[in-house]
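Open the model in your viewer and keep the sequence panel beside it. The tour below goes from one selection to the next.

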Amino acid sequence: MLAQADLKVTEKVPVAMLLIDMLNIKRINDTLGVAAGDEIIRQAADRLDAFTSPELTVGHLGGGEFLILVESPRKTHLDRLVQELNSAFKRVFQINGQNVHQPISIGISLYPEDAHSSQQLLSNSHTAVTYAKRNGSYSHAFYSERYSQDAQDSLYLESLLLQAIPTNELKVFFQPKVDVMGNFRGAEALVRWNSAELGNVPPGRFIPIAEQSDIILDIGRWVIEQSCAHASRWKEEVGRNYSVSINISPKQFYEEGIVEFIDQTMQKYGLVGSQVEIEVTEGLFMEGEGFIRQKIEDMKAVGVSLAMDDFGTGYSSLQYLRSYPFDTLKVDRSFVMGLPNSEGDANLVRAIIKMGKALGLKIVAEGVESLEQAEFLRSEGCDLIQGYLFGKPMPPEELVEWLKLNLVRID
Ligand code: C2E
Ligand code: CA
Ligand code: CA
């Protein structure tokens, strides 16, 4: 193992600091054990060791973080170095006979351009890597002042978000899903945050921050609890059981004990598996399939159904749909938007529906705003439709009123 990084920044010599963050390490510790995590870090250290030279120092910062200091760096050199580092980490890691992917992100800060002390340089590299991570695996970012301001905003949001559950600022809204005859079939739970300080903050803004900071685990469990509690009341309030779909982020999916928590919560509220659907995105698979199968099988074993959300926006790998026991495929709103006039979107949606059907999946289209879109989807064999045309996400009380009043039909 390499020594702890020595952060001395030699005066006058320009330096680039690259912070390498191994994105999967916590997940590996949680799922395969800390010894497996240590073993991967050791293997990573060996790979990085090969990069050392008189101008290039490598150090282990702790956990899944490594530092590289490059003296008198040139831009072309740094670009090439980033490529080579990514290639080094794209080679699969072997742990106890299992193939494990270990993607990285790299944050880069320069001395003397960005900082005048080693602490500042390190802090900037952290800010840059946080930014790089937003662009997914094997991404990198150079530090900039703008990032710093944004990072402060995110930290501020994070501090407010920590208080959101105890101060009742979060609420779960429900958006109806209807079949092609306009009959209500279930609802998707969508979290809302009305912050005392900031007003309504959209989930697209705070979920990624929650996801980066582990707050998502608390929010996620709270959403599961709320969703099951409300779904259990639909029978007495409107006379029938309906299913509820819950979004689970990748980090939450990998959390230890999550399947047991879902199972216990369903039991607590008297729900059976067919009343709960878990929506996941392709992002789940981006960091390797090594240990995902067991988790998905555990999830299915408690009876819940599994939906692939936002299909078409990520890798869209047929392989995932074919080799894992998904029940539902959700066609992303971005494809529905162009229907029925955009030929490209129409062809794509047609192909997605056909393919999903061939795999025995139920097809749900999201973001349906017009009758023409609904009609197109119906004629192509889409099973369920969700969108403003039928109902926006609404508070639980409103959904019950909506259910009592609405016999929405699209024919
Ligand atoms: P998503 O899971 O794809 O949710 C669908 C989004 O489309 C929702 O945005 C919904 O309000 C919006 N939408 C539905 N129908 C229409 C329509 O006809 N027109 C338009 N323009 N938009 C429509 P929302 O509520 O802002 O949520 C955004 C994302 O935040 C969700 O995307 C989901 O990824 C995430 N999210 C929301 N709630 C949760 C949660 O409890 N847990 C997790 N992990 N993620 C959540
Ligand atoms: Ca969803
Ligand atoms: Ca979606």
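Buried means under 20% relative accessible area and exposed means over 50%, with partly exposed in between. The model you have open is predicted.

**Stop 1: Asp 310.** Select Asp 310 and colour by accessibility. Its relative accessibility is 23%, so Asp 310 counts as partly exposed. Asp 310 is also one of the protein donors of the calcium ion (ligand 3).

**Stop 2: the calcium ion (ligand 3).** Now centre on this ion. Which protein donors does the calcium ion (ligand 3) have? They are Asp 309 (OD), Asp 310 (OD) and Glu 366 (OE), with Glu 366 (OE) listed twice, and they lie 2.3 to 2.4 Å from the ion. Along the sequence, the donor residues follow the spacing D-D-x55-E.

**Stop 3: Asp 309.** Select Asp 309 next. Is Asp 309 buried or exposed? Its relative accessible area is 5%, so Asp 309 is buried. Asp 309 bridges the calcium ion (ligand 3) and the calcium ion (ligand 2), and a distance drawn between these ions should read 3.9 Å.

**Stop 4: the calcium ion (ligand 2).** Move across to the other ion of that bridge. Its protein donors are Glu 188 (OE), Asn 247 (OD1), Glu 279 (OE) and Asp 309 (OD), at 2.2 to 2.3 Å. The spacing of these donors along the chain is E-x58-N-x31-E-x29-D. Distant parts of the chain are linked here: Glu 188 is in strand 9 (residues 184-195) and Asp 309 is in strand 13 (residues 305-311), 121 residues apart. Glu 188 is buried, like Asp 309.

**Stop 5: Ser 305.** Stay with strand 13 and select Ser 305, which has its place in that strand. At 19% relative accessibility, Ser 305 counts as buried. Leaving aside residues up to four places away in sequence, Ser 305 touches Gly 273, Val 276, Glu 277, Ile 278 and Asp 327.

**Stop 6: helix 7 and helix 9.** Finally, select residues 215-238 for helix 7 and residues 258-268 for helix 9. The two helices pack at an angle of about 25°, with their axes 9 Å apart. That angle makes helix 7 roughly parallel to helix 9. The crossing of helix 7 past helix 9 is right-handed.

Show side chains to see the contact. From helix 7 come Arg 221, Ile 224, Glu 225 and Cys 228; they meet Ile 258, Phe 261, Ile 262, Thr 265, Met 266 and Lys 268 in helix 9. By type, the residues of this contact are 6 nonpolar, 1 polar and 3 charged.

Technical notes. Residues numbered from 1 in each chain as written. Chains lettered and ligands numbered in written order. Predicted model: local features only at pLDDT ≥ 70, side-chain atom pairs only at ≥ 80, totals over all residues. Heavy atoms only, no water. Donors = N, O, S within 2.8 Å, 3.2 Å for Na, K, Ca; no water. Helix = DSSP H or I, 4+ residues; strand = E, 2+ residues; numbered from the N terminus. Buried < 20%, exposed > 50% of the residue type's maximum accessible area, 1.4 Å probe, protein only. Axes fitted to C-alpha atoms, helices over the stretch in contact; angles between N-to-C directions. Parallel < 35°, antiparallel > 145°, perpendicular 65-115°, else oblique. Left-handed = near helix turned anticlockwise from the far one by under 90°. Contact = heavy atoms within 4.5 Å. Nonpolar A, V, L, I, M, F, W, Y, C, P; charged D, E, K, R; others polar.
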